[in-house]
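User: Could you take a close look at one part of this model for me, the surface where protein meets DNA? I'd like a connected walk through it rather than a list.

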Number of protein chains: 2
Amino acid sequence: MFQRIKTKRVYELVVEQIQEHLRKGDLRPGDKLMSERELADMLGVSRSAVREALSALDFLGVLESRQGEGTFIADVSSQLLLEHLAVFVTIDREANLELLELRKILEVAAAEMAAARAGALDHEKMAEALRLMEQDVHSGILGESNDALFHRCIVESTQNKMLTKSMVLLSDLVVQNMRVSRQFLFQRPGNRERLYNQHRQVFLAIKEGNSEKAGRAMVDHLEFVERELICYGSRPE
Amino acid sequence: MFQRIKTKRVYELVVEQIQEHLRKGDLRPGDKLMSERELADMLGVSRSAVREALSALDFLGVLESRQGEGTFIADVSSQLLLEHLAVFVTIDREANLELLELRKILEVAAAEMAAARAGALDHEKMAEALRLMEQDVHSGILGESNDALFHRCIVESTQNKMLTKSMVLLSDLVVQNMRVSRQFLFQRPGNRERLYNQHRQVFLAIKEGNSEKAGRAMVDHLEFVERELICYGSRPE
DNA sequence: ATTGTCTTACTGGTCCGACCACCTGATGAC
DNA sequence: GTCATCAGGTGGTCGGACCAGTAAGACAAT
């Protein structure tokens with residue numbers, strides 16, 4: 001019925017004003033913000049409050065403070081922001097299957113798009129990631145990071161920056177998802193090779209420029225993983 | 001060749017230590033952090049530095065500071081974090097078409113899933129959003145916020161939290177995209193009604209439980225928008 | 001015994017001033 | 001013209017003072 005009343009901290013009010021100027025385009029990447037002392041005077045608050053606000057935005061990667069020079073608007077498309085977000089989001093134990101479902105939506109489309117759009121350099125990157133994955137099979141390690149690298153190469157070759165950014169957000173979760181999946185899969189003999197071959201089928205279809213085949217190969221791959229997860233109840237602990 | 005050397009700020013080091021405890025599970029949502037003064041003593045830094053770190057994490061929604069009580073670990077699955085991220089990401093002028101492509105991937109899948117999974121309450125919410133959209137048509141306003149509401153109702157009815165969260169991240173961009181699209185579309189007579197009807201077709205298919213039809217209706221809708229944007233060169237300014 | 005009031009100790013919140021480290025531009029010496 | 005030095009400005013850190021809020025305990029009134 002009644003809720004805790006949360007008054008705004010001074011630093012939040014400072015952040016909001018900076019946000020507003022960014023939103024309106026008054027401040028752009030590369031621009032220098034006014035000095036801390038000026039800002040404190042102008043806003044009628046202490047320099048400490050301004051510093052708290054600037055630290056919050058510095059941490060988010062929105063601003064960059066350079067000692068002796070000033071504080072600058074960073075390039076907001078920076079990956080840092082997304083990476084900071086990912087660090088604090090851990091996968092819900094129940095959410096592995098939901099993430100797989102989302103991956104099916106995004107990565108099947110990405111495979112199809114990659115088949116249509118990937119160039120020679122993209123193919124080379126995928127092939128390299130695939131070689132690393134093959135090494136992982138032979139060395140017997142879990143190998144989720146090269147698995148993730150392969151998938152990232154595919155997404156990057158779609159040449160859709162919005163899609164690539166969305167996958168960056170999810171990347172930490174995806175790596176966790178792969179780690180969990182692989183722990184299960186590798187309990188069954190032959191699954192390492194099977195998994196590697198599924199990735200290889202995806203790659204061959206992309207290289208061949210066959211969108212339909214690439215999409216189907218990715219569906220096969222992700223549904224195989226999904227079935228294994230369902231089979232094991234998706235509870236590694 | 002050589003790059004600027006960026007030394008770590010004290011507040012960042014404080015954040016990292018807190019991060020580490022969160023990552024290891026020593027600190028969980030609801031736990032109370034040690035007091036600022038204790039933390040400053042223990043870490044051998046000033047209380048100001050601790051405050052800067054706590055402000056950054058408070059802003060991210062990771063912590064919650066309560067005056068007189070202490071600082072607590074927040075529930076990290078909070079939407080606040082995603083919303084803060086979205087506020088700082090503005091759409092690239094060239095990116096409208098890319099976003100539409102991403103929306104096609106996500107929202108066509110969402111429409112199909114919604115047809116399969118939506119319950120009576122979901123239908124009611126969509127119908128209400130549709131009524132609001134109809135009002136917007138009659139009153140002649142741009143109407144992007146109710147458009148966005150309708151789309152959000154669909155995504156929520158998929159019952160996939162990962163997908164819903166991803167759309168939350170994109171929601172500010174999507175609203176911007178709708179605003180731009182509608183400015184173009186409404187220059188051509190009849191497009192208001194056509195747009196409304198497309199949404200209605202999506203809703204009817206979902207209500208009917210027909211995934212294929214829902215997906216197709218959503219494709220039709222988004223491709224219609226896409227064609228108009230391409231036609232106008234996607235440059236409103 | 002229960003409830004209300006007051007006090008104390010602790011918490012975060014804000015401000016201020018001092019000082020340090022770094023950067024940039026201007027000036028003077030060679 | 002080049003280089004070194006200085007001044008003035010920037011952010012970075014620290015510590016102290018004081019305020020506002022919270023919780024717990026002690027004591028008085030019912």
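Analyst:
**Around the DNA strands**

A polar backbone atom of A:Gly68 sits 3.2 Å from a base oxygen of DNA strand D. Keep in mind that this is a predicted model, so every distance here is computed from predicted coordinates.

Bases of DNA strand D are also approached by a side chain: an N or O atom in the side chain of A:Arg37 is 3.0 Å from a base nitrogen of DNA strand D. On the phosphate side, a backbone N or O atom of A:Glu36 comes to 3.1 Å from a phosphate oxygen of that strand. As for where the surface comes from, the elements giving two or more residues to it are α2 (36–43), α3, β1 (63–66) and β2 (70–73) of chain A, plus α3 of chain B. The largest share belongs to α3(B), with three residues.

Zooming out a little, 23 residues surround DNA strand D, and the closest are A:Arg37, A:Arg47, A:Arg51, B:Val10 and B:Gln67. Those 23 residues split into three nonpolar, 10 polar and 10 charged. Of the DNA strand D atoms within 4 Å of the protein, 61% are sugar or phosphate, and the rest belong to bases.

Now for DNA strand C. It too has 23 residues around it, with A:Val10, A:Ser48, A:Gln67, B:Arg47 and B:Arg51 the closest. Sugar and phosphate make up 62% of the DNA strand C atoms that come within 4 Å of the protein. The residue mix on this surface is three nonpolar, 10 polar and 10 charged.

Two of those closest residues, B:Arg47 and B:Arg51, go for separate parts of the strand. An N or O atom in the side chain of B:Arg47 is 2.7 Å from a base nitrogen of DNA strand C, while the side chain of B:Arg51 places an N or O atom 3.4 Å from a phosphate oxygen. Chain A pitches in through its backbone: an N or O backbone atom of A:Ser46 is 3.1 Å from a phosphate oxygen of DNA strand C. The elements that supply two or more residues here are α3 (47–60) of chain A, along with α2 (36–43), α3 (47–60), β1 (63–66) and β2 (70–73) of chain B. The largest share, three residues, comes from α3(A).

Those two arginines also turn up in the salt bridges. Of the 37 salt bridges over all chains, let me start with one elsewhere in chain B: B:Glu228 and B:Arg188 meet side chain to side chain, N to O, at 3.2 Å. That pair links distant parts of the chain, with B:Glu228 in helix α10 and B:Arg188 in the loop between α8 (161–185) and α9 (191–208), 40 residues apart. Back at the arginines, salt bridges with shared partners join B:Arg47 and B:Arg51 with A:Arg9, A:Glu52, B:Glu36 and B:Asp58 in one network. So B:Arg47, with its side chain 2.7 Å from a base nitrogen, and B:Arg51, with its side chain 3.4 Å from a phosphate oxygen, both belong to a network with residues from chain A and chain B.

How values were computed: Residues numbered from 1 in each chain as written. Chains lettered and ligands numbered in written order. Predicted model: local features only at pLDDT ≥ 70, side-chain atom pairs only at ≥ 80, totals over all residues. Heavy atoms only, no water. Near = heavy atom within 4 Å. Polar contact = N/O pair within 3.5 Å; in protein donor to acceptor, adjacent residues only side chain to side chain. Helix = DSSP H or I, 4+ residues; strand = E, 2+ residues; numbered from the N terminus. Nonpolar A, V, L, I, M, F, W, Y, C, P; charged D, E, K, R; others polar. Salt bridge = Lys/Arg side-chain N within 4 Å of Asp/Glu carboxyl O.
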